[in-house]
Amino acid sequence: MLNRVRSAVAHLVSSGGAPPPRPKSPDLPNTASAPPAAAPEAPRSPPGKAGSGSAAPARAVEARASFSRPTFLQLSPGGLRRADDHAGRAEQSPPDTGRRLPWSTGYAEVINAGKSRHNEDQACCEVVYVEGRRSVAGVPREPSRGQGLCFYYWGLFDGHAGGGAAEMASRLLHRHIREQLKDLVEILQDPSPPPLCLPSTPRTPGSADPSHLLGPQSCWSSQKEVTHESLVVGAIENAFQLMDEQMARERRGHQVEGGCCALVVVYLLGKVYVANAGDSRAIIVRNGEIIPMSREFTPETERQRLQLLGFLKPELLGSEFTRLEFPRRVLPKELGQRTLYRDQNMTGWAYKKIELEDLRFPLVCGEGKKARVMATIGVTRGLGDHNLKVCNSTLPIKPFLSCFPEVRVYDLTQYEHCPDDVLVLGTDGLWDVTTDCEVAATVDRVLSAYEPNDHSRYTALAQALVLGARGTPRDRGWRLPNNKLGSGDDISVFIIPLGGPGSYS
């Protein structure tokens, strides 16, 4: 069984040939003991040279070496240079070499129009094998054949203030998920309810019974129901937190600059888990119906959580910010007057007397895409950003930024899916200029032009969505057919087919 899994993984995700070595980078602790059947980690597409001569400045060479693209794109040095060209913004997809991504997944990306030096999006697509760590009874055991689980994994990581956090998360987050699932291998394969506790060591005859330490049971309700699904959700949530903590530890030694939004999909035992921390988006298009599988986390959508933290820990606001929200900035000449406001408990508006503290800058300011936390960052969940501070201040912003994703679950076994049913993942570069309905219309238009068993149809769909959001160069910018501005951001799209024979067997 283990050999078959290893062979399948190598066929699905290997990039072929002997890849060039990559610079040393942060990794999970004790990676030498990782199960040999886990999906192989290939280097990223090799970085291009800064110039044709050998006298390029060392700083330019180092900066160029830090730029990479997803392994499965298999970019040559020349291809990497084209992918890094802001003027041409060439679309990039995996080569048609007969080796397809798992589930015949489609992928496409384009670089931004000059918003940042490099493409700060990253992507990952893996098949990961999980070897159980212990038995349910708590007795440690040696890894054995045929007792593990496989999960399929897709991840989009939208970096900001540098691409280091996105690049690190794209290589390591699925490994953290694997580590969190190791304790669950036998539990998930057992149809009985999960055990309440996993003892660290087996009890021996004559050992003390700790039940007397529990208080009277009469006041307690029956045990809460815990499902196998909730265990997987908890494993994913813990993996996000551990990834964020690793970034905090290693941000100096490995130059993990900035932060990233993370949109992750895990398929395990018939269910699709979509975890989102940030402003990327996932939707399912099924028989023309649109099923949202995520929501964006922005200063506006999370205003009450941010204000509550400012209320509980006012020291995080310093003397520069107020947790209250006003329709506009309060002016000094308005002291003593009554103005509209709302706090962490309110969804509506009320009037209050303006006091001196109300003249401070609001914790959440602006609206729509211009909304910001502490006038600095426009997303409220993600990984990294441990060094982020308010401009011209020492106030850290990280306490207000959560690393925990929202996880939504879709049971594939509950529906009959056709080859045109897909899960669409996109970074905000796609959704800034494209609606869910427009994406669904493109899904129908593109897929209907291909035979259902043509696996290239999903890559063609990803390309159509990316190029449609990018637009064409016209009038000193990138324009859509309606002459509106196209997306100037990095755009990355995964198309995951949900139907067809053997697509998720």
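**Notebook: a buried strand residue, one strand and two helix pairs**

I began with Ile 495, which I located in strand β19, residues 491-497. I note at the outset that the model is predicted.

**Entry 1. Ile 495**

Is Ile 495 buried or exposed? I found a relative accessible area of 0% for Ile 495, and the residue is therefore buried, the cut-off for that class being under 20%.

I then listed what Ile 495 touches, leaving aside residues up to four places away in sequence. The list holds Thr 105 and Gly 106, then Val 422, Leu 423 and Val 424, and finally Tyr 458, Leu 461, Ala 462 and Leu 465. I recorded that Val 422, Leu 423 and Val 424 fall within the range of strand β16, residues 422-426. Tyr 458, Leu 461, Ala 462 and Leu 465 fall within the range of helix α10, residues 457-470.

I also checked Ile 495 against Gln 463. The two are 32 residues apart in sequence, and their C-alpha atoms are 9.8 Å apart in space.

**Entry 2. Strand β6**

From β16 I moved to strand β6, residues 281-286, which is joined to β16 by five bridges. These two strands run antiparallel. Which residue of β16 stands opposite Ala 282? I found Leu 425 in that position.

On its other pairing, β6 meets strand β7, residues 289-292, in the antiparallel sense over four bridges. Here Arg 286 stands opposite Glu 289. I noted that β6 and β7 form a hairpin with two residues between them. In the turn, Asn 287 has a positive phi of about 55°.

I next looked at the cover of β6. How many of its six residues are buried? The count is six of six. In a regular strand the side chains alternate between the two faces of the sheet. I therefore examined each side of β6 separately: Arg 281, Ile 283 and Val 285 lie on one, and Ala 282, Ile 284 and Arg 286 on the other. Both faces are covered, with the residues on each side buried, the two arginines included.

**Entry 3. Helices α9 and α10**

I returned to α10 and looked up its packing with helix α9, residues 436-447. The angle is about 140°, and the axes are 10 Å apart. That angle makes α9 oblique to α10. The crossing of α9 and α10 is right-handed.

From α9, the contact is made by Val 439, Thr 442, Val 443, Val 446 and Leu 447. From α10, the partners are Arg 457, Tyr 458, Ala 460, Leu 461, Ala 464 and Leu 465. By class I recorded nine nonpolar residues, one polar and one charged. Tyr 458, Leu 461 and Leu 465 also appear among the residues that Ile 495 touches.

**Entry 4. Helices α4 and α6**

I then took up helix α4, residues 164-181, and helix α6, residues 228-250. They pack at about 135°, with axes 8 Å apart. The helices are therefore oblique to each other, and their crossing is right-handed.

The α4 side of the contact includes Ala 165, Met 168, Leu 172, His 176 and Gln 180. The α6 side includes Ala 235, Asn 238, Phe 240, Met 243 and Glu 250. I recorded 13 nonpolar residues, four polar and one charged in this contact.

**Entry 5. The chain as a whole**

I closed with the totals. The chain has 10 helices and 19 strands. Buried residues make up 49% of its 505 residues. Among contacts between residues at least 6 apart in sequence, 72% join residues at least 24 apart.

Conventions. Residues are numbered from 1 along each chain as its sequence is written. This is a predicted model: local features need pLDDT of at least 70, side-chain atom pairs count only at pLDDT 80 or more; totals for chains, interfaces and linings use all residues. Side-chain values use heavy atoms; hydrogens and water are left out. Axes are lines fitted to C-alpha atoms, for helices over the stretch in contact, and angles run from 0 to 180 degrees between N-to-C directions. Angles under 35 degrees count as roughly parallel, over 145 as roughly antiparallel, 65 to 115 as roughly perpendicular and the rest as oblique. A crossing is left-handed if the near helix is turned anticlockwise from the far one by less than a right angle, and right-handed if clockwise. Contact means heavy atoms within 4.5 Å. Ala, Val, Leu, Ile, Met, Phe, Trp, Tyr, Cys and Pro count as nonpolar, Asp, Glu, Lys and Arg as charged, and the others, Gly among them, as polar. Buried means under 20% relative accessible area, exposed over 50%, partly exposed in between (1.4 Å probe, protein chains only). Two strands pair if DSSP finds at least two bridges between them.
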